[in-house]
Amino acid sequence: MKCIARFILVVMSVSTSAFAQGGRGAPPPPAPLEPGASQADVDKALLALPENLRNQAMVIKWKPDVTYDTLRKGANGLVCYDRSGFPLQQPFAVECTSAANLDREAQNLKAEALGDRTKTQAMLADEEKNGTRVKPAFGSVWYHLGGPDREHARPHLTVAVPGATAESLGLPDKATQSGLWIMNAGTTTAHLMIPGQ
């Protein structure tokens, strides 16, 4: 339990350190756009990430059949995409996470395509119960930026800890304003919530 809590603290420290070091040295240039990709689409999708992580992130565009086109290849293991106006999403919604989470995101999009929050939650709960719910990468960060429009969009950051419980991590599983807490403890959807995020 203490090892996992230390792991999370190290991940958070490294993330904070990466944010703070954004001005050191020139980052490598981003990969060129794939044929047919729009720079505006890429720039919009990247808005959810801290600026120092954007150049090396992969950018994709989801298609209605929940496959995707690659707009730009990446080198840092992160992937960003635009979900603006998708079913159950805000008019402005961009998201970035580990490329290892793309299968989970495809599963989320399939469920959200039902267009009804209750039906979506029921579908995901059934997948959780029967063991077909795809787990996100443990410790992966989900960066969200959403709102009624770009000017009023708010960031939200979570850290995936699938299967984690209050007992396994030593963190509360109820909302707190004073520190991290686990939402949806014990499920594949378990994630760390950060007050103010």
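Two strands pair if DSSP finds at least two bridges between them. Strands (E, at least two residues) and helices (H or I, at least four) are DSSP runs, numbered from the N terminus. The model is predicted: local features need pLDDT of at least 70, side-chain atom pairs count only at pLDDT 80 or more, and totals for chains, interfaces and linings use all residues. Residues are numbered from 1 along each chain as its sequence is written, and side-chain values use heavy atoms, with hydrogens and water left out.

**Exercise 1. Place strand 1 among its partners.**

Task: Which way does strand 1 run against strand 3, and in which sense does it pair with strand 2?

Solution.
- Start with strand 3. Strand 1 and strand 3 run parallel, joined by two bridges. Val-59 has Cys-80 of strand 3 as its bridge partner.
- Turn to strand 2 (residues 68–72). Its pairing with strand 1 is antiparallel, over four bridges. Here Lys-61 stands opposite Asp-69.
- Inspect the hairpin of strands 1 and 2. Five residues lie between the strands, and Val-66 takes a positive phi near 55°.
- Check burial (under 20% relative accessible area, 1.4 Å probe, protein chains only). Four of the five residues of strand 1 (residues 58–62) are buried, so this strand is largely enclosed by the rest of the structure.

**Exercise 2. Find and describe the disulfide.**

Task: Which cysteines does the disulfide join, and what parts does the pair tie together?

Solution.
- Apply the cut-off: a pair of cysteine sulfur atoms within 2.5 Å. The count comes to one disulfide.
- Identify the pair. Cys-80 is joined to Cys-96, with an S to S distance of 2.1 Å.
- Read the geometry. The link of Cys-80 and Cys-96 is right-handed, with 115° about the S-S bond.
- Locate the ends. Cys-80 lies in strand 3 (residues 78–82) and Cys-96 in strand 4 (residues 92–98), so the pair ties together parts 16 residues apart in sequence.
- Check exposure. Both Cys-80 and Cys-96 are buried.

**Exercise 3. Describe the lining of the largest pocket.**

Task: Which residues lie nearest the centre of the largest pocket, and which element supplies the largest share of its lining?

Solution.
- List the central residues. Of the 34 lining residues, Arg-83, Glu-95, Asn-108, Glu-112 and His-144 lie nearest the centre of the largest pocket.
- Rank the suppliers. Helix 5 gives the largest share of the lining, six residues.

Terms used:
Buried < 20%, exposed > 50% of the residue type's maximum accessible area, 1.4 Å probe, protein only. 1 Å grid on protein atoms, 1.4 Å probe; cavity = no way out; pocket = protein on both sides within 12 Å on 5 of 7 lines; lining within 4 Å.
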